[in-house]
Amino acid sequence: MEKIIDHETRLKVLKAAPLHANQHAFRVGRSTNTALYQLNSEIRSSLDGGEVLICAFLDIEGAFDNTSHESVSRALEERSVAAPVRRWVEAVLRKRIAETTVSDTKIRLGTTRGCPQGGVLSTYCGA
């Protein structure tokens, strides 16, 4: 199901409302390497022109773990993702169960924020 939604999103939603040109995540042919290459090129061209360049690098710790389900829903709605698809994604997020074992006791809790990592659609939560 995730692959079907991903395919439809790339074909329809992202063609109608593309991601920012400088975004490298969730883009075919782009990666952290292409982001670094682009940054390096911009730095070199700025320095060649005698300009001063200041860079800030941010690593948002826990971005996947702390993403609110509401922000994902809002982003899907803003991009005009079809209502049935939005409801499916919302259900996947809200009906997840986190499980851990402490000593001999297994603890299961529903989640209120965060996105599953490593799945086909996990990049929607971090982008």
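Mentor: Let's start with a term: a salt bridge is a side-chain nitrogen of Lys or Arg within 4 Å of a carboxyl oxygen of Asp or Glu. Keep in mind that we are looking at a predicted model.

Trainee: How many salt bridges does a search of the whole structure find?

Mentor: The search finds 4. Take Lys-12 and Glu-8, whose closest N and O atoms are 2.8 Å apart. These two residues are 4 apart in helix α1 (residues 2-16), which means about one helical turn separates them. Lys-12 is exposed, at 54% relative accessible area, while Glu-8 is partly exposed, at 31%.

Trainee: Which residues do salt bridges with shared partners join into one network?

Mentor: Look at Glu-99. One of its salt bridges goes to Lys-106, with the closest N and O atoms 3.7 Å apart, and another goes to Arg-108, at 3.2 Å. Sharing partners in this way joins Glu-99, Lys-106 and Arg-108 into one network. As for accessibility, Glu-99 is partly exposed at 44%, Lys-106 is exposed at 53%, and Arg-108 is exposed at 54%.

Trainee: Now a helix. Which residues of α5 are buried?

Mentor: Buried means under 20% relative accessible area. In α5 that description fits Arg-86, Val-89, Glu-90 and Leu-93. They cover an arc of only 100° around the axis, so they sit on the same side of α5. The face turned away from that buried side carries the exposed residues Pro-84 and Arg-87.

Trainee: What span should α5 have, and how far apart are its ends?

Mentor: Helix α5 has 12 residues (83-94), so at 1.5 Å a residue the expected span is 16 Å, and the end C-alpha atoms are indeed 16 Å apart.

Trainee: Which residues make up the largest nonpolar core?

Mentor: There are 7 of them: Val-13, Val-72, Leu-76, Val-81, Val-89, Leu-93 and Cys-115. Helices α4 (69-78) and α5 each supply at least two residues of this core.

Trainee: Is Gly-114 buried or exposed?

Mentor: Gly-114 is buried, with a relative accessible area of 3%. You will find Gly-114 in the loop between β2 (105-110) and α6 (122-126). Try comparing sequence with space here: Gly-114 and His-69 are 45 residues apart in sequence, yet their C-alpha atoms are 7.0 Å apart.

Trainee: And on the surface, which residues form a nonpolar patch?

Mentor: Val-102, Ile-107 and Leu-109 do, with about 250 Å² of accessible area together. Val-102 belongs to strand β1 (residues 97-102) and is partly exposed, at 45%.

Note on methods: Residues numbered from 1 in each chain as written. Predicted model: local features only at pLDDT ≥ 70, side-chain atom pairs only at ≥ 80, totals over all residues. Heavy atoms only, no water. Expected span 1.5 Å × (residues − 1). Buried < 20%, exposed > 50% of the residue type's maximum accessible area, 1.4 Å probe, protein only. Arc of directions from axis to C-beta. Patch = residues over 30% accessible without salt bridge, like charges linked within 9 Å, V, L, I, M, F, W, Y side chains within 5 Å. Areas by Shrake-Rupley, 256 points an atom, 1.4 Å probe, with all protein chains shown as cover. Core = buried A, V, L, I, M, F, W, Y, C linked by side-chain atoms within 4.5 Å.
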